[in-house]
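Please load the model in a viewer and keep the selection panel at hand. The tour below proceeds by selections, each followed by a description of what is found there.

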Amino acid sequence: MIEETTWMPSYEELMGLGWEMSTMMPTNQAEVWARILYHLAVVTPAEWAVRIMWVAETIRLQSPVRYDVERLRIPVSRAEAFGAGYTGSRLGIESVTLLACILYEIERALGSDHISILPVRWYRNGLRARAQMIQSQEVAGWND
């Protein structure tokens, strides 16, 4: 029987992810991610909470706009999360993959119906809408 093991990213990978999110994303989008991760850290198992809080803090401390931890406690609205997904980001493939894997593991730990996963779903809806918009523009270009 194969035992299931939980994958954990290293702190170096997490610091790199946080740095890239704070420098390659627009400031408001990076803040939305810091808040999403902060809220997930509050409810996830301890081994994940420490790691995603590390990313949220790296984003907060590397941001050109200074804000305190109290700002991270503000819940993420549907419009903010959807907008962050719809506008896209310029993260490298390693960071996108690392973030997707982290979110998958957290969603698996909490359950896909957990309320703290909602902003992640809203973000994914924004990504989906962006992809559909880009595809429809491409198809419309074929008819020209």
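The stops that follow cover the nonpolar core, the salt bridges, a buried leucine, the pocket and the cavity. The model is a predicted one.

**Stop 1: the nonpolar core**

Begin by selecting Met-21, Trp-33, Leu-40, Ile-59, Ile-102 and Ile-106, which have the most contacts inside the largest nonpolar core, a set of 34 residues. Colouring by helix is helpful at this point, since at least two residues of this core come from each of helix H1 (11-24), H2, helix H3 (46-62), helix H5 (78-87), H6 and H7. Which helix supplies the largest share of this core? That helix is H2, with nine residues.

Next, centre the view on Leu-40 and display its contacts. Leaving aside residues up to four places away in sequence, Leu-40 touches Ile-52, Leu-103, Ile-106, Leu-110, Ser-116, Ile-117 and Val-120. Ile-106, one of these partners, is also among the core residues with the most contacts.

**Stop 2: the salt bridges**

How many salt bridges does the count come to? The total is seven, and three are visited here individually.

Select Glu-31 and Arg-71 first. These two residues form a salt bridge in which the closest N and O atoms are 2.9 Å apart. Glu-31 belongs to helix H2 and Arg-71 to helix H4 (residues 69-72), so the pair ties together parts that are 40 residues apart in sequence. Glu-31 is buried, at 10% relative accessible area, whereas Arg-71 is partly exposed, at 32%. Now extend the selection to Arg-35 and Glu-80: together with Glu-31 and Arg-71, these residues are linked in a network of salt bridges.

Move next to Arg-108 and Glu-105. Their salt bridge has its closest N and O atoms 3.4 Å apart. Both residues lie in helix H6, and because they are three residues apart, about one helical turn separates them. Arg-108 counts as partly exposed at 40% relative accessibility, while Glu-105 is buried at 11% relative accessible area.

The third pair is Arg-124 and Glu-107, whose side chains meet in a salt bridge at 2.9 Å, N to O. With Arg-124 in helix H7 and Glu-107 in helix H6, 17 residues apart, the pair links distant parts of the chain. Is each partner buried or partly exposed? Arg-124 counts as partly exposed, at 27% relative accessibility, and Glu-107 counts as buried, at 15%.

**Stop 3: Leu-72**

Select Leu-72, which is located in helix H4. Its relative accessibility is 0%, and Leu-72 therefore counts as buried. Displaying its surroundings brings up Ala-34, Arg-35, Tyr-38, His-39, Glu-57, Arg-60 and Tyr-67, all of which Leu-72 touches when residues up to four places away in sequence are not counted. Arg-35, one of these contacts, also takes part in the salt-bridge network visited at the previous stop. For a distance check, draw a line between the C-alpha atoms of Leu-72 and Leu-17: the separation is 18 Å, for residues 55 places apart along the chain.

**Stop 4: the largest pocket**

Select Met-25, Trp-33, Ser-89, Leu-91, Val-96, Leu-99, Ala-100, Leu-103, Tyr-123, Arg-124 and Leu-127, the lining of the largest pocket. Helix H6 (93-110) and helix H7 (118-142) are the elements that give two or more residues to this lining. H6 contributes the largest share, four residues. The space in this pocket is about 200 Å³. By class, the lining comprises nine nonpolar residues, one polar residue and one charged residue.

Two lining residues have appeared earlier on the tour. Arg-124 lines the pocket and is also the partner of Glu-107 in a salt bridge. Trp-33 lines the pocket and is also among the core residues with the most contacts.

**Stop 5: the largest cavity**

What volume does the largest cavity have? The value is about 30 Å³, and the structure holds one cavity of 30 Å³ or more. Select its lining: Ser-22, Thr-27, Ala-30, Glu-31, Ile-59, Ser-63, Pro-64 and Tyr-67. Helix H2 (residues 27-43) provides the largest share, three residues. The lining comprises four nonpolar, three polar and one charged residues.

Finally, keep Glu-31 highlighted. This residue lines the cavity and forms the salt bridge with Arg-71. Tyr-67 also lines the cavity and is touched by Leu-72.

Terms used. Residues numbered from 1 in each chain as written. Predicted model: local features only at pLDDT ≥ 70, side-chain atom pairs only at ≥ 80, totals over all residues. Heavy atoms only, no water. 1 Å grid on protein atoms, 1.4 Å probe; cavity = no way out; pocket = protein on both sides within 12 Å on 5 of 7 lines; lining within 4 Å. Points joined across faces, edges and corners; volume = space filled by probe spheres on them. Nonpolar A, V, L, I, M, F, W, Y, C, P; charged D, E, K, R; others polar. Core = buried A, V, L, I, M, F, W, Y, C linked by side-chain atoms within 4.5 Å. Buried < 20%, exposed > 50% of the residue type's maximum accessible area, 1.4 Å probe, protein only. Contact = heavy atoms within 4.5 Å. Salt bridge = Lys/Arg side-chain N within 4 Å of Asp/Glu carboxyl O.
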